[in-house]
Amino acid sequence: MREFAGADVVYLLLAARWTVALALVAMLGGGLLGLVIAALRIVPFKPANWLAILYINLIQGTPLLGQLFIFFFGLPLIGIQVDAWTAAAISLSIYAAAFFGEIWRGALQSVSIRQWEAGASLGLTYGQRLFYVVLPQALRVAVAPTVGFLVQLIKNTSLTALIGFVELTRAGQIISGATFAPLRVYLVVAVVYFVICFSLSQMSRRLERKLHVAR
């Protein structure tokens, strides 16, 4: 056993980089897939709507930890080897896509039907109405819930510690086991999470003010 020291704090801060990196990868991958899901939810084609609804219900109705275990422990059983980083990135991206898809679908459908009709009266195609008329308005509505979910996503990266991925929480476990000072270790871990999430929330508020989002 050794004392909890400044070097351990530095180690935690370095591990926080992987927490942020994982969240960014999940945001990018989940965001791209989420756009597809949102589009499938609103297109006037029932099979596409049902497919998107099935995906959302399946992912939102199962725990993220179970999804992590499927990719990390399940895939090797069928001969597909994945490391902890890959399993974590894929799982969090798939998980995020289901929530982003619903958030953005709600934002798109919050735009008045008259906006769609106005675009149609100008001779715009469905895609042109979506990208040039509806999306700019939906963006303003989607800012707050999107950032709110991103904060949740950052905190959910802590679950990847259970498959051995060394991010902030896992680093805290390692140092706690070496120093037998769990209170001080996890207090620092909590502070780091708070700083990351609070900074993201503040950026969101500035973006909302810039976009003149109505409250």
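**Exercise 1. Work out whether Val 191 is buried, partly exposed or exposed, and find the patch on the surface that it belongs to.**

Step 1. Start with the cut-offs: buried is under 20% relative accessible area, exposed is over 50%, and partly exposed is in between (1.4 Å probe, protein chains only). Val 191 has a relative accessible area of 45%, so it is partly exposed.

Step 2. Place Val 191 in its element: it sits in helix 8, where a helix is a DSSP run of H or I with at least four residues, strands are E runs of at least two, and numbering goes from the N terminus.

Step 3. Now look for company. Val 191 joins Leu 187, Phe 194, Val 195 and Phe 198 in a nonpolar patch, and together they have about 490 Å² of accessible area. Patch members need over 30% relative accessible area and no salt bridge; nonpolar side chains (Val, Leu, Ile, Met, Phe, Trp, Tyr) are joined within 5 Å, like charges within 9 Å. The areas come from Shrake-Rupley with a 1.4 Å probe, and for residues only the protein chains shown count as cover.

A note on the input: this is a predicted model, where local features need pLDDT of at least 70 and side-chain atom pairs count only at pLDDT 80 or more, while totals for chains, interfaces and linings use all residues. Residues are numbered from 1 along each chain as its sequence is written, and side-chain values use heavy atoms, with hydrogens and water left out.

**Exercise 2. Describe the largest pocket and its lining.**

Step 1. Get the volume: about 510 Å³. A pocket here is an open set of points on a 1 Å grid over the protein atoms alone, with protein on both sides within 12 Å along at least five of seven lines; lining residues have an atom within 4 Å of a point. Points are joined across faces, edges and corners, and the volume is the space filled by probe spheres set on them.

Step 2. List the lining. There are 22 residues, and those closest to the centre are Leu 35, Trp 104, Leu 139, Ala 142 and Thr 146.

Step 3. Sort by element. Helix 1 (6-42), helix 4 (84-110) and helix 6 (126-156) each give two or more residues, with the largest share, 10 residues, coming from helix 6.

Step 4. Sort by class: 20 nonpolar, 2 polar and no charged residues. Nonpolar covers Ala, Val, Leu, Ile, Met, Phe, Trp, Tyr, Cys and Pro; charged covers Asp, Glu, Lys and Arg; the others, Gly among them, are polar.

**Exercise 3. Do likewise for the second largest pocket.**

Step 1. The space in this one is about 150 Å³.

Step 2. Helix 1, helix 6 and helix 8 (182-211) each supply at least two lining residues; helix 1 has the largest share, with 4.

Step 3. By class, the lining has 9 nonpolar residues and neither polar nor charged ones. Among them are Val 20, Met 27, Leu 150 and Ile 196.

**Exercise 4. Trace the network of salt bridges around Glu 102.**

Step 1. A search of the whole structure turns up 2 salt bridges, each a side-chain nitrogen of Lys or Arg within 4 Å of a carboxyl oxygen of Asp or Glu.

Step 2. Glu 102 pairs with Arg 41 at 3.2 Å, N to O. Glu 102 lies in helix 4 and Arg 41 in helix 1, so the bridge ties together parts 61 residues apart in sequence.

Step 3. Glu 102 also meets Arg 105, at 3.0 Å, N to O. These two are 3 residues apart in helix 4, about one helical turn.

Step 4. Check exposure: Glu 102 is partly exposed at 24%, whereas Arg 41 is buried at 18% and Arg 105 is buried at 18%.

How values were computed: 1 Å grid on protein atoms, 1.4 Å probe; cavity = no way out; pocket = protein on both sides within 12 Å on 5 of 7 lines; lining within 4 Å.
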